[in-house]
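Please open the structure in a viewer and keep the sequence beside it. This tour proposes a series of selections and describes what is found at each.

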Amino acid sequence: MNARKQEPKNSKVENPFFSDVYDVVRQVPEGRATSYVAIAAYLGNKRGARMVGWAMSRTYGRPDVPAHRVVNKEGELTARDLFETPTTMQERLESEGVEINDNKIRNWEERFWDPEKELH
């Protein structure tokens with residue numbers, strides 16, 4: 001028998017890094033998107049894109065975190081399968097005026113929201 005106390009799966013205890021990620025994502029304006037790499041760099045962990053991805057994987061379905069606005073560094077909708085349906089991420093972005101072609105944001109350079117520039 002394992003004597004260690006385990007945290008319940010629905011625990012409200014949140015990893016501080018994850019909380020910081022969510023705070024950044026909440027500031028991404030409608031019609032714009034950012035990347036895992038950009039969030040990690042802003043939070044001082046330039047190699048932490050995967051950690052940002054882990055944080056984001058816990059937000060799909062949470063209305064307080066606009067997860068659909070976080071894509072990979074090339075503007076690709078790599079997390080689309082984590083939403084309610086495989087098209088939900090694209091539909092949400094398109095409802096904000098973002099054009100998608102082949103699961104990638106068109107005019108990515110113009111739509112990219114860089115937290116290092118926008119939040120300093």
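The tour begins with the whole chain and then turns to single elements and residues.

**The whole chain**

Display the complete chain as a cartoon, and bear in mind that this is a predicted model. The protein chain contains six helices and four strands. Followed along the sequence, these elements appear in the pattern α-β-α-α-β-α-β-β-α-α.

Next, switch on the molecular surface. The protein chain exposes about 7,800 Å², and carbon and sulfur atoms supply 45% of that area. Of the 120 residues of the protein chain, 38% count as buried. Which share of the contacts between residues at least 6 apart in sequence joins residues at least 24 apart? In the protein chain, that share is 62%.

**The largest nonpolar core**

Hide the surface and select Val-21, Val-52, Met-56 and Ile-105. Within the largest nonpolar core, which has 29 residues, these four touch the most other members. Helix 1 (16–25), helix 2 (36–42), helix 3 (49–57), strand 2 (70–71) and helix 4 (88–95) each supply at least two residues of this core. Helix 1 gives the largest share, six residues.

Keep Met-56 selected and display what surrounds this residue. Leaving out residues up to four places away in sequence, Met-56 touches Val-21, Tyr-22, Val-25, Tyr-36, Val-65, Ala-67 and Val-70.

**Helix 1**

Select helix 1 and show its side chains. The buried residues in helix 1 are Phe-17, Phe-18, Val-21, Tyr-22, Val-24 and Val-25. Now turn the view until you look down the axis of helix 1: the buried residues fall within an arc of 160 degrees, so they line one face of the helix. The elements that cover these buried residues of helix 1 include helix 2, helix 3, strand 2 and helix 6 (115–118).

While Tyr-22 is in view, add Arg-62 to the selection. The charged end of Arg-62 sits over the ring of Tyr-22, at 5.1 Å from the ring centre.

**Helix 3**

Move to helix 3 and colour Val-52, Ala-55 and Met-56, which are the buried residues of this helix. Around the axis they cover an arc of only 95 degrees, and therefore they lie on the same side of helix 3. Which residues are exposed on the other side of helix 3? They are Arg-50 and Trp-54. The buried residues of helix 3 pack against helix 1, helix 2 and strand 2.

**Two buried residues**

Select Leu-93, which is found in helix 4. Is Leu-93 buried or exposed? With a relative accessible area of 0%, Leu-93 is buried. Add His-68 and set a distance label between the two C-alpha atoms: Leu-93 and His-68 are 6.7 Å apart in space, although 25 residues separate them in sequence. Not counting residues up to four places away in sequence, Leu-93 touches His-68, Arg-69, Leu-77, Val-98, Ile-100 and Ile-105.

Proceed to Ala-33, in the loop between helix 1 and strand 1 (34–35). Ala-33 is buried, with a relative accessible area of 1%. From C-alpha to C-alpha, Ala-33 and Val-98 are 8.9 Å apart, while in sequence they are 65 residues apart. Apart from neighbours within four places in sequence, the contacts of Ala-33 are Val-28, Arg-69, Ile-105, Trp-108, Arg-111, Phe-112 and Trp-113. Ile-105 therefore appears among the residues touched by Leu-93 and among the contacts of Ala-33.**The loop between strand 3 and strand 4**

Finally, select Asp-102 and Asn-103. Asp-102 is found in the loop between strand 3 (100–101) and strand 4 (104–105), and Asn-103 is found in the loop between strand 3 and strand 4. Inspect the backbone here. Phi of Asp-102 is near 55 degrees, a positive value in a residue other than glycine. Asn-103, which is not a glycine, has a positive phi of about 60 degrees.

How exposed are they? At 71% relative accessibility, Asp-102 counts as exposed. Asn-103 is partly exposed, with a relative accessible area of 29%.

Methods. Residues numbered from 1 in each chain as written. Predicted model: local features only at pLDDT ≥ 70, side-chain atom pairs only at ≥ 80, totals over all residues. Heavy atoms only, no water. Buried < 20%, exposed > 50% of the residue type's maximum accessible area, 1.4 Å probe, protein only. Contact = heavy atoms within 4.5 Å. Areas by Shrake-Rupley, 256 points an atom, 1.4 Å probe, with all protein chains shown as cover. Lys NZ or Arg CZ within 6 Å of the ring centre and 35° of its normal. Core = buried A, V, L, I, M, F, W, Y, C linked by side-chain atoms within 4.5 Å. Arc of directions from axis to C-beta.
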